[in-house]
Amino acid sequence: MKMHLYDIISHVIKWERMCIKLKVSIDDIRQASWDARINLTPEEEAGLEQQIIKTFKQLVFLQEKGLDKIEATYYPYAQENILREDVALPSLPLETVMSNAPDADAGFFHVPKIVE
Amino acid sequence: MSGHKLTVYELAGGINEGAIALAEISEAVSRLCTTAQKKYNCFVNFEAGVITRERERIAARMEEGEKPPLAGVPFALADNVCTSEIKTTCASRMLASYQPLTEEGAARRLKDKGALLAGKTNMDEFSIGASGENSFFGAVKNPRDTKHSAGSGAAAAVSCGAVALALATDRWGELRQAASYCGVMGIKPTYGRISRQGLIDSAPSLEQAGIIAAKTLDLAAALEAVSGPDPQDPTSAHADVPAYATLPAENLHPLKVAVPENWAASPYLEEEVRDVFTAVLQGLAKNICPVETVAMPYSQYSHTTAAIISAVEAFSNLSNYDGIRFGFRGESKHLQDMYRQTRTEGFGSALKQFLTFGALVSAGKYYDQYFLKAQKMRTLIKQELEDCLQQYDLIVVPTTPFTVPLLGNGNVSLLPDPAAYYTAAANLAGLPALTFPLQTPGQTGGMPAAGLQLIGKSWDEKLLLQVALLLEKENPLN
């Protein structure tokens, strides 16, 4: 199939528009790391930025495939509740439940202060 | 260990009948695991005392007249499967001292069947990736050549013969990739076939437990032992569990097998894998059944689609690691800052970047553009595979597009993971998939050249195992 100059130019424009969409800013990455409660080093931020740009380039198909009318699949199969008999069973002892806590005492988790 | 040449049922039968001494087996396992740990760093938690304790427990049951079907069969658990008496670290500083409170699901079922737990195996942190290098406890080395990646300690432990079976998880193909790197077999069954209770998973809609073994019959025996509904796991299915281990390999003909038309178009495909897989297709066509090419345009997007979904689910699922109720805590005088210190110091660099990416694509402008569209692409990929499997019994593809990577070559990208190019589709669709090791024609021993991946219909693990048994017995690929 021959492509006309008009087709080529319109493909290039479409690609450029898509590339603009695919950009990610360092501010967005910093906001995301704040959301994840993680501090990234400048090197990690820069490395992640490059990985995201690379990934977004590979995800151009998500913008191209006319996905708007497709239903999303969140689980491979329909989920159904599997319920056990409504009978009370013994719970774990409190001291066992709290045994992995970094700082706990008398049934309480110790945490640093929340307000200044 | 005399049990090496036996299947797990033959070994257990010998132990139950008194022909093989349980103590002899447990001593041999202890010795082999010690060596495997020194040479390949297979384990995170391995103590000879654990094996002794497990042996005593099995012996006590047998003294009471019980004959457990997997009596004394040595197995390992990936270190994201909870065990009640051994720490479960997920190969992360975050959980380096974490002791699970209960032991349930598949791990419990293997122990109930009498299998002998040898230890907890090393892996990538929180099982994200199959390089075997992103572990707080150091990289796993491949038993076939220590310069190469093993993918995971579970695959390495089976490959070097330290254990007969390993239970590990598979999120976008990690279990199958590691098995392929180590020249052994691995199966990820249909989503819901094995209970997910007791797994510390990062991506609940993709990740599930699977089995690694060196022999098809061992894979079948273990799958039969751990499968079935679990009232404690809402994702486990009410599906009947066939007697996998007694299935004959006969009566398979005529099979209908499909290969994606564009399988060789992967940008990551190495020439050696292409050549070996092409020879496999020819071998299948000559000796078993014709292999037809089928247009499958969406499956090539599986690994990138899975990367988006997996990152978002991991960002959500790992948000409870905050240093309060369990795990590592970073020092700070303020709560908010403590959360950040905990997660910054407790997680490794690759995982932190992955979680940040998950947070990014869950948020605002990126959600609709990437995450939601990735879930829609998942619909198309699932539909494409299911449509194909309505007409064919199996889909065959390579397991990974490249040969076993060298350790430390920097090829540990998670965004996206090239190793998942052929494996992620089965996770997105929840379909069963099995990897079978392949050598270059004429080669014996050494590193495996590639893996042959068989993808089957939902709940039809039986056929995957039957075909694997045929390949193993008759070697019809050459």
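**Exercise 1.** In which sense do β7(B) and strand β12 of chain B pair, and over how many bridges?

*Solution.* The model examined here is a predicted one. As a start, β7(B) and strand β12, which covers residues 433-438 of chain B, pair in the antiparallel sense over 3 bridges. Within this pairing, B:Gly186 has B:Thr435 of β12(B) as its bridge partner. Turning next to strand β8 (residues 208-213) of chain B, one finds that 3 bridges join β7(B) to β8(B), and that these two strands run antiparallel; here B:Met185 is partnered by B:Ala213. Finally, both faces of β7(B), residues 185-188, are covered, since B:Met185 and B:Ile187 on one side are buried, as are B:Gly186 and B:Lys188 on the other.

**Exercise 2.** Place these strands in their sheet, and find which strands stand at the edges.

*Solution.* The order of the open sheet, which has 11 strands of chain B and mixed pairing, is β1-β3-β2-β6-β8-β7-β12-β13-β11-β9-β10. At the edges stand β1 (43-45) and β10 (291-294) of chain B, and because each has a single partner strand, one side of each is left without a neighbour in the sheet. From one strand to the next, the twist averages 30°. A parallel pair is found where strand β9 (residues 257-260) and strand β11 (residues 394-398) of chain B are joined over 2 bridges, with B:Ala258 standing opposite B:Ile395 of β11(B).

**Exercise 3.** Decide how far helix α6 of chain B is enclosed by the rest of the structure.

*Solution.* The step to take is to count buried residues: in α6(B), residues 174-181, 8 of the 8 are buried, so the helix is largely enclosed by the rest of the structure. Among the buried residues are B:Glu174 and B:Arg176, together with B:Leu175 and B:Tyr181. After α6(B) comes B:Gly183, whose phi is positive, near 70°.

**Exercise 4.** Describe how α11(B) packs against α9(B) and against α12(B).

*Solution.* Two packed helices are described by the angle between their axes and the distance between the axes. For α9(B) and α11(B) the angle is about 100° and the axes are 7 Å apart, which means that α9(B) is roughly perpendicular to α11(B). Their contact includes B:Ile308 and B:Phe315 from α9(B), and B:Phe354 and B:Val361 from α11(B); its residues divide into 10 nonpolar, 2 polar and no charged.

For α11(B) and α12(B) the angle is about 105°, with the axes 6 Å apart, and these helices are therefore also roughly perpendicular to each other. B:Leu360, B:Val361 and B:Ser362 of α11(B) make this contact with B:Tyr366, B:Tyr367, B:Tyr370 and B:Phe371 of α12(B). The division is 6 nonpolar, 1 polar and no charged.

**Exercise 5.** Which element of chain B gives the most residues to the side that touches chain A?

*Solution.* The contact as a whole takes 54 residues from chain B and 45 residues from chain A. On the chain B side, the elements that give two or more residues are α9, α10, α11 and α12, and α12(B) gives the most, with 11 residues. By kind, the residues on this side divide into 27 nonpolar, 17 polar and 10 charged.

To see one place in detail, take A:Leu62, which lies in helix α4 (residues 60-64) of chain A. A residue counts as buried from 20 C-beta neighbours within 10 Å, and A:Leu62 is buried because it has 21. Beyond residues up to four places away in sequence, A:Leu62 touches A:Leu67, B:Tyr370, B:Lys373, B:Ala374 and B:Met377.

Conventions. Residues are numbered from 1 along each chain as its sequence is written. Chains are lettered from A and ligands numbered from 1 in the order in which they are written. This is a predicted model: local features need pLDDT of at least 70, side-chain atom pairs count only at pLDDT 80 or more; totals for chains, interfaces and linings use all residues. Two residues are in contact if their C-beta atoms, placed from the backbone, lie within 7 Å. Helices (H or I, at least four residues) and strands (E, at least two) are DSSP runs, numbered from the N terminus. Ala, Val, Leu, Ile, Met, Phe, Trp, Tyr, Cys and Pro count as nonpolar, Asp, Glu, Lys and Arg as charged, and the others, Gly among them, as polar. Axes are lines fitted to C-alpha atoms, for helices over the stretch in contact, and angles run from 0 to 180 degrees between N-to-C directions. Angles under 35 degrees count as roughly parallel, over 145 as roughly antiparallel, 65 to 115 as roughly perpendicular and the rest as oblique. A residue is buried if 20 or more other C-beta atoms lie within 10 Å of its own, exposed if 12 or fewer, and partly exposed in between; C-beta atoms are placed from the backbone. Two strands pair if DSSP finds at least two bridges between them.
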